[in-house]
Amino acid sequence: MDRRRGGDDDNDEFDRFDAADDDRDDDSDNPDTGWDDDDDDDFDDGDDDEMSFAAVVTSAGGEWIVHELDDLPDDVASVAKRVRVMRNEGPAFAMVCVEDQYFAIVRPAPGEIRVLLSDATMATDDDFAADAMDEIGAEIPELTDEELDRIDPWAEGDMDILSDLGCGGQVMSIICDDSELWASEQLMRIAAEIGFETELADALGLDVD
């Protein structure tokens with residue numbers, strides 16, 4: 001099932017990943033996060049031809065730092081674990097984009113994991129989205145393929161997850177509801193609201209028009 005968003009490719013605000021660039025050198029582009037090889041079990045080997053990525057965003061000394069993860073996370077707990085390892089005294093959260101169809105934002109907090117899922121309908125046949133819904137405490141919708149083709153996607157979770165950083169719940173809702181944007185473009189809009197769109201684009205190999 002393809003629920004990906006997007007309008008006319010000629011009008012895309014941001015360039016999407018090119019599958020031909022998938023052989024980037026991960027060792028040179030990604031900083032050492034201090035994880036050993038045993039931690040690789042927490043992540044799936046993603047298909048390099050798909051527009052999927054995960055990145056941890058941190059702030060130190062008034063500057064935003066974006067670390068692209070080597071692999072797509074297997075579940076929300078794995079994402080939160082990675083954020084906790086890389087966080088410092090400033091804010092820290094993760095952005096996950098799955099096949100450019102939907103995104104999730106994961107932000108560990110004392111005693112909980114705050115989660116925003118951009119498209120709840122993806123939980124019907126996507127394991128990561130289903131795990132995000134479980135973490136949110138929302139029921140996975142029971143929808144037929146025909147209903148999925150007709151229904152508009154909706155976001156679930158904490159719309160105020162980044163409100164303290166400059167992207168309030170109302171703006172987040174507008175971005176999530178914009179069916180003309182791909183998930184990667186939605187994340188770039190969120191980054192622009194907060195002020196790290198350049199850092200996000202550089203870390204992920206995107207160009208900002």
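Here is a quick tour of this structure, from its sheet and helices to its cores and charged pairs. Keep in mind that the model is predicted. Its open sheet has six strands, and helices H6 and H7 both lie across part of that sheet. The largest nonpolar core has 32 residues, and a search of the whole structure turns up two salt bridges.

**The sheet**

- Reading across the open sheet, the strands come in the order S3-S2-S5-S6-S7-S8, and the pairing is antiparallel.
- S3 and strand S8 (156–157) sit at the edges, each pairing on one side only.
- S2 and S3 are antiparallel partners, joined over six bridges.
- Within that pair, Val 57 stands opposite Val 66 in S3.
- As background, strands of a sheet pair through backbone hydrogen bonds, and this can happen in a parallel or an antiparallel way.

**Helices on the sheet**

- H6 lies across S2, S3, S5 and S6, and runs at about 45° to S6.
- H7 lies across S2, S3 and S5, running at about 25° to S3.
- The two helices also pack against each other, at an angle of about 140° and with their axes 7 Å apart.
- That makes H6 and H7 oblique to each other, because an angle has to be over 145 degrees to count as roughly antiparallel.
- On the H6 side, the contact is made by Leu 187, Met 188, Ala 191 and Ala 192, while H7 brings in Glu 197, Leu 200 and Ala 201.

**The nonpolar cores**

- In the largest core, the residues that touch the most other members are Phe 93, Ile 105, Leu 162, Met 172, Ile 190 and Phe 196.
- Strands S2 (53–60), S3 (63–68), S5 (92–98) and S6 (102–109) are among the elements that each give two or more residues to this core, and so are helices H5 (169–177), H6 (183–194) and H7 (197–204).
- H6 supplies the largest share of this core, with six residues.
- What does Phe 196 touch, leaving aside residues up to four places away in sequence? The list is Val 57, Trp 64, Val 66, Phe 93, Met 95 and Ala 191.
- Apart from this core lies another one, of 26 residues, including Ala 94, Val 98, Phe 128 and Ala 132.

**Salt bridges**

- In general, side chains of opposite charge can pair when their charged atoms come close.
- One salt bridge joins the side chains of Asp 164 and Arg 107, at 2.8 Å from N to O.
- This pair links distant parts of the chain: Asp 164 is in the loop between S8 and H5, Arg 107 is in strand S6, and they are 57 residues apart.
- Are these two partners buried or exposed? Asp 164 counts as exposed, at 55% relative accessibility, whereas Arg 107 counts as buried, at 10%.
- Arg 114 forms a salt bridge with Asp 158, and here the closest N and O atoms are 2.6 Å apart.
- Arg 114 is in strand S7 (residues 112–117) and Asp 158 is in the loop between S8 and H5, so this pair ties together parts that are 44 residues apart in sequence.
- Asp 158 is partly exposed, with a relative accessible area of 22%.

**A buried loop residue**

- Leu 181 lies in the loop between H5 and H6.
- Leu 181 counts as buried because its relative accessible area is 8%, and the cut-off for buried is under 20%.
- The C-alpha atoms of Leu 181 and Asp 100 are separated by 9.5 Å, although the two residues are 81 residues apart along the chain.

Terms used:
Residues numbered from 1 in each chain as written. Predicted model: local features only at pLDDT ≥ 70, side-chain atom pairs only at ≥ 80, totals over all residues. Heavy atoms only, no water. Core = buried A, V, L, I, M, F, W, Y, C linked by side-chain atoms within 4.5 Å. Buried < 20%, exposed > 50% of the residue type's maximum accessible area, 1.4 Å probe, protein only. Helix = DSSP H or I, 4+ residues; strand = E, 2+ residues; numbered from the N terminus. Contact = heavy atoms within 4.5 Å. Pairing = 2+ DSSP bridges. Axes fitted to C-alpha atoms, helices over the stretch in contact; angles between N-to-C directions. Salt bridge = Lys/Arg side-chain N within 4 Å of Asp/Glu carboxyl O. Parallel < 35°, antiparallel > 145°, perpendicular 65-115°, else oblique.
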